[in-house]
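Biologist: Got a minute to go through this model with me? I'd like to take a few residues in turn.
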Amino acid sequence: MQNSTRLMDAKDLKSALAYSMKYEAARTEEIEDNNSRERDDKFESLFNRLEKLLNSSVAGKKNTSHRKSNVTCWKCNKKGHVQRECQAITSNQENYHTAVLRG
């Protein structure tokens, strides 16, 4: 900045100061623009990674339904679901629910 101000060959101190301040502002803006571009690049990279992860997660869920067709429930012995997802009501549960509803 000093060399640039000297080369300007200012006629008075006020002109030299004004030039130096403009020079410094332009330089600071350039640095901020570079930092902003770097942040944008990092954000875009992170966003792309997140999108890939989400897509692989969705693809994994699609494959899960295919895998579930091979499992057998230990509760009702039917294929396609596991015991914790079983919708079958046993006779004991049915009797309990009926007794609770009757009061």
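**Residues in a loop, and two cysteines**

Modeller: Start with S69: its relative accessibility is 40%, so S69 counts as partly exposed. Bear in mind that this is a predicted model.

Biologist: Where does S69 lie?

Modeller: In the loop that runs between α2 (13-68) and α3 (91-102).

Biologist: And what is S69 in contact with, leaving aside neighbours within four places in sequence?

Modeller: K79 and G80. H81 is twelve residues from S69 in sequence, and their C-alpha atoms are 7.3 Å apart.

Biologist: Switching topic. How many disulfides does a search of the whole structure find?

Modeller: Zero. C73 is in no disulfide, and its nearest cysteine sulfur is that of C86, 3.7 Å away.

Biologist: Why is there no bond from the sulfur of C86 to the one in C73?

Modeller: Because 3.7 Å is too far for a bond, and C73 holds the closest cysteine sulfur to C86. The cut-off for a disulfide is sulfur atoms within 2.5 Å.

Biologist: Is C73 buried or exposed?

Modeller: Buried, because its relative accessible area is 1%. C86 has 12% relative accessibility, so C86 counts as buried too.

Biologist: What UniProt annotation covers residues 73-86?

Modeller: The unreviewed entry gives "domain: CCHC-type" for that stretch.

Biologist: How much helix and strand is there over residues 73-86?

Modeller: 0% helix and 0% strand. The C-alpha atoms at the ends of that stretch are 7 Å apart.

Conventions: Residues are numbered from 1 along each chain as its sequence is written. This is a predicted model: local features need pLDDT of at least 70, side-chain atom pairs count only at pLDDT 80 or more; totals for chains, interfaces and linings use all residues. Side-chain values use heavy atoms; hydrogens and water are left out. Helices (H or I, at least four residues) and strands (E, at least two) are DSSP runs, numbered from the N terminus. Buried means under 20% relative accessible area, exposed over 50%, partly exposed in between (1.4 Å probe, protein chains only). Contact means heavy atoms within 4.5 Å. UniProt positions are given in the numbering used here, feature names are shortened, and annotations may be inferred rather than shown by experiment.
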